[in-house]
Amino acid sequence: MRVSERTKEILRRLDDKYGLEIKCSLDYTSDSELLIATMLSAQCTDERVNIVTKDLFAVYKNINEFANADITELEHMVKPTGFFRAKAAHIKEAATMIMTEFGGKVPDNIDDLTKLPGVGRKTANVILTHIYNIPGIVVDTHVKRITGRLGLTKETEPVKIEFDLYKKLPKEHWGRLNYQLITFGREICSARSPACRECFLSDLCKSKDKKI
């Protein structure tokens, strides 16, 4: 793989600013908790998800209890995360499949993970990276926005972005990149009003909307 000097410098600065640790902004203590928290994070902030799951995981203590959950009660508990009916249904269905087809254990490969209701490549890569130490690139809204602004990819669809970045970025950066870009997006490169004058990547940014 040939990595451009500009890309190397972007990655170096992200490492210097945010460190090398592979971090997760969702609170969890097990594979199933991370799976459910990530499913709830769709169209919702991690902060709100962490508030909801604190009570949720106190009521439903394992994947079997989620599989046998009363759907009305589950909907009520996850309602603050939005799209609560679909999320509750997917959680219950995924938990049931894990119990019946995977022996109660969250799958350790992307093909089986994406068979679960409500689980796409984003959620699957979170599980693989943080539970099974198989690094992947998680393309959420921050990663999509920022990699585009920085010119790391010209793709616009999440799956195409993911595979394009696999080709362009060294594997040792994959696992930590998502947390780095989430933090960068929250602190500096927000969607509506990026703080370009304060940005440590401004001189490397290719965004036409750069505010300097």
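In the predicted model, glutamine 43 is placed in the loop that runs between H2 and H3. The phi angle of glutamine 43 is near 55 degrees, which is a positive value in a residue other than glycine. Most residues other than glycine have a negative phi. Glutamine 43 has a relative accessible area of 68% and is therefore classed as exposed, the threshold for that class being over 50%. Phenylalanine 83 likewise has a positive phi, of about 45 degrees, although it is not a glycine. The loop between H5 and H6 holds phenylalanine 83. With a relative accessible area of 60%, phenylalanine 83 is exposed.

Threonine 72 belongs to helix H5. Its relative accessible area of 52% places threonine 72 in the exposed class. Along the chain, threonine 72 and alanine 88 are 16 residues apart, and their C-alpha atoms are separated by 8.6 Å.

The overall architecture of the chain was examined next. The protein chain contains 11 helices and 0 strands, and its pattern along the sequence is accordingly written as α-α-α-α-α-α-α-α-α-α-α. For 212 residues, a compact globule would be expected to have a radius of gyration near 17 Å, and the value of 18 Å found for the protein chain agrees with this. Along the principal axes, the C-alpha atoms occupy a box of roughly 55 × 35 × 25 Å. Of the 212 residues, 50% are buried. When contacts between residues at least 6 apart in sequence are considered, 59% of them join residues at least 24 apart.

In soluble globular proteins, nonpolar side chains tend to be buried together. In the present model, the largest nonpolar core comprises 38 residues, and those with the most contacts inside it are Leu35, Ile36, Leu56, Phe66, Leu74, Leu113 and Leu116. At least two residues of this core come from each of helix H2 (31-40), helix H3 (46-59), helix H4 (63-67), helix H5 (71-78), helix H6 (84-101), helix H7 (110-113) and helix H8 (121-130). Among these elements, H6 gives the most to the core, with 7 residues. Apart from this core lies another one, of 24 residues, including Ile137, Leu152, Leu169 and Cys199. The surroundings of one residue of the largest core may serve as an example. When neighbours within four places in sequence are left aside, leucine 113 is in contact with Val106, Pro107, Val119, Ala124, Ile127 and Leu128.

Empty space in the model was then considered. Rolling a probe the size of a water molecule over the atoms shows where such space is left. The largest pocket has a volume of about 630 Å³. It is lined by 29 residues, of which Ser41, Asp46, Lys122, Asp140 and Thr141 are the closest to its centre. Two or more lining residues of the largest pocket are given by each of H3, H8, helix H9 (141-149) and helix H11 (174-187). The greatest contribution to this lining is that of H11, with 5 residues. Sorted by class, the lining of the largest pocket consists of 10 nonpolar, 12 polar and 7 charged residues.

For the second largest pocket, the volume is about 200 Å³. Its lining is made up of 15 residues, and Met39, Ala42, Lys87, His90 and Gly118 lie nearest its centre. H2, H6 and H8 each supply at least two residues of this lining, and H6 gives the most, with 4 residues. The classes represented in the lining of the second largest pocket are 6 nonpolar, 6 polar and 3 charged residues. H6 thus appears both as the element that gives the most to the largest nonpolar core and as the element that gives the most to the lining of the second largest pocket.

A search of the whole structure also finds 1 cavity of 30 Å³ or more. About 130 Å³ of space lies in the largest cavity. This cavity is lined by 15 residues, and those closest to its centre are Cys189, Pro194, Cys196, Cys199 and Cys205. The lining of the largest cavity has 10 nonpolar, 2 polar and 3 charged residues. Cys199 is thus listed among the residues closest to the centre of the largest cavity and among those of the core of 24 residues.

Definitions and conventions. Residues numbered from 1 in each chain as written. Predicted model: local features only at pLDDT ≥ 70, side-chain atom pairs only at ≥ 80, totals over all residues. Heavy atoms only, no water. 1 Å grid on protein atoms, 1.4 Å probe; cavity = no way out; pocket = protein on both sides within 12 Å on 5 of 7 lines; lining within 4 Å. Points joined across faces, edges and corners; volume = space filled by probe spheres on them. Nonpolar A, V, L, I, M, F, W, Y, C, P; charged D, E, K, R; others polar. Core = buried A, V, L, I, M, F, W, Y, C linked by side-chain atoms within 4.5 Å. Buried < 20%, exposed > 50% of the residue type's maximum accessible area, 1.4 Å probe, protein only. Contact = heavy atoms within 4.5 Å. Rg over C-alpha atoms; globule rule 2.2 N^0.38 Å.
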